[in-house]
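Please look over the following points on enclosed space with the coordinates open beside you. They are set out for a colleague's check rather than as a full report.

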Amino acid sequence: MRTGGILSAEKAVEALIRLSAFSAILGLFLIFVFIGKEALPVLTSPEARKEAGLSKLFLPQEGPRPYSWQPVSEIPKYSILPLFMGTLKVTLVAILFAIPLALGAALFTSEFAPDWTKELLKPIIELLAGIPSVVLGFFALMVMASCVQDAFGIIYRLNAVNAGIALGLAVIPIVYTMADDALTAVPKSYREASIAMGASAWQTASKVVFPAALPGILAACVLGFGRAIGETMIVLMASGNAPVMTWALQKPVRSLSATVAAELGEVVVGSPHYHVLFLIGTLLFVFTFALNLFAHWFVRRLQRKILGAA
Amino acid sequence: MKTLALILAASLASAAGKTVTIKGSDTMVILGQRWAEDYMKSHPGTVIQVTGGGSGTGIAALINGSTDIAEASRPMKAEEKASVKRKQGKDVSEIPVAQDGVALYVHKANPLKKITLAQAKRIYAGELTQWSELGIKLSQIIVYGRENNSGTYAYFKEHVLGNQDFAPEVLSLPGTAAVINAISKDKNAIGYGGIAYGKGIRAVPVGNDEKSPALEPTMKNVLDGSYPISRALYFYTAGKPEGEMKRFIDWVLGPEGQRICGQVGYYPLKKPSKP
């Protein structure tokens, strides 16, 4: 009787934790359904299609500015290509800034640093992740923007470089933590074998440990990329939010996520503008989801290859 | 103890009976809060809750019936009025409550003495891009504006740009304070915003055209209508205001309410109008 009670209690707990695990999937699904439902009228509703059909979103329009994001206008213009370009530009700068720094730091703390240095550095770098993005954004807006402007001699104070570097600060701890874990997880025997063969510490790190940890490191980079694409507050504050259609990094940018954040609060519910903002949200969702899925698949493939070869 | 409980109960009861909610324009939120504070001081038992969020947010709340008064720094659109009629079954009352001017700001070191509406239009439409064209020894004009959810954006677009689109290069920032801060750090900058005070910036006198005199956005110039870019700030209610709401609005339009307009940096109406 008593063991029966314990057993059923165990069953109940097990059911509960199973539920909490599956609730994540349910949540993901519901979010997607809701955002997708609000975005769908861009494809289905005749009214929304007339004002903001897919051709207007993605194809050049007639007039002096073929790619124009001017949703509040007598003739609203919804070209989302400048926003795509903005997100891509800022993300690229962030990645180019963050990944070398993060990987360098991870290689140092996992392979070269004495224990006390590692114990000091690792928590401090990871603390960067704990800074609220609005604080990073504020810092970028007030302090960093002027420094970046002077350092690169850029005429625009708020620009893609400034926003990208600030975004990089948010990406570094993510890439660092995962890369450090991946490097540390490489079996000790690899290093011992390499050193026994007469390789130097640097040769061991760069030619043996780094390649062995490559799947994890790539996953770290892809996750950092995903974070950079979706991050909103930093870009909203530091980028200048001008929907310019150019690859020039010294110009201000308006990203997809910042556009949703800036405009959704004021938009007339049910208007074409509203649905387009949800479409942007859906695209961001699908994009980061696909990126994560791809990273997962790629890492698994690479892992099998490396393990198979080893 | 018993009396305390009685007082609490009484104040709760009266509060429940007389709560007025106000929601809307970020430009007007400080003004609304000052009105609410002073009114509640002289009318104990009435609770007035003021929140911001933007003119559009306030109007959306009026449409949904989740606020009594919507504050807006732009006139309500016909489709929005129709939505209120459809959802609430009442016609919208439009009550101008204060005047505001939109100023054009430059960095304090910029010697620009005058700007005409036509020049401002060409700058914001992206046709005039160099300070040298205005006779100023600076390089490219860095143009700051507000996000497209702002009443000031809508007003500027209508009155200065004649509803033409802003150039894509216009940097958009949330709030007049952000615009002022950005200009104070950027010697090539120009920006528009509500009339405010800030370090490191200067409001440029605005002229209707080349011949007309350029005027500073002062109280006198806004009130007599000579300053070229000034606007009315509004309260909107669903149906005619009644009861406590009507008493509050009458007070706002009266001498005490209008005096507060001046204290927080806006301008009173020329003559108080009755709703």
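1. In this predicted model, α5(A) makes the largest contribution to the lining of the second largest cavity, supplying three of its residues. Along with α5 (81-112), the helix α11 (214-230) of chain A also gives at least two residues to that lining.

2. The residues that line the second largest cavity are Thr87(A), Val90(A), Thr91(A), Leu167(A), Ala228(A), Ile229(A), Glu231(A), Val235(A), Ser255(A) and Ser257(A). By class, this lining comprises five nonpolar residues, four polar ones and one charged, and the space it encloses comes to about 30 Å³.

3. How many cavities of 30 Å³ or more does a search of the whole structure find? The search returns two, and the largest of them holds about 160 Å³ of space.

4. The largest cavity is lined by 19 residues, of which Gln70(A), Pro243(A), Tyr153(B), Val170(B) and Ser172(B) are the closest to its centre. The elements that contribute two or more residues to this lining are β1 (69-70) of chain A and, from chain B, β6 (142-146) and β7 (171-173).

5. As for the chemical character of the lining of the largest cavity, 10 of its residues are nonpolar, five are polar and four are charged. When checking this site, one may begin from the residues closest to the centre of the cavity, among them Gln70(A) and Tyr153(B), and then turn to the contributing strands, including β6 and β7 of chain B.

Note on methods: Residues numbered from 1 in each chain as written. Chains lettered and ligands numbered in written order. Predicted model: local features only at pLDDT ≥ 70, side-chain atom pairs only at ≥ 80, totals over all residues. Heavy atoms only, no water. 1 Å grid on protein atoms, 1.4 Å probe; cavity = no way out; pocket = protein on both sides within 12 Å on 5 of 7 lines; lining within 4 Å. Points joined across faces, edges and corners; volume = space filled by probe spheres on them. Helix = DSSP H or I, 4+ residues; strand = E, 2+ residues; numbered from the N terminus. Nonpolar A, V, L, I, M, F, W, Y, C, P; charged D, E, K, R; others polar.
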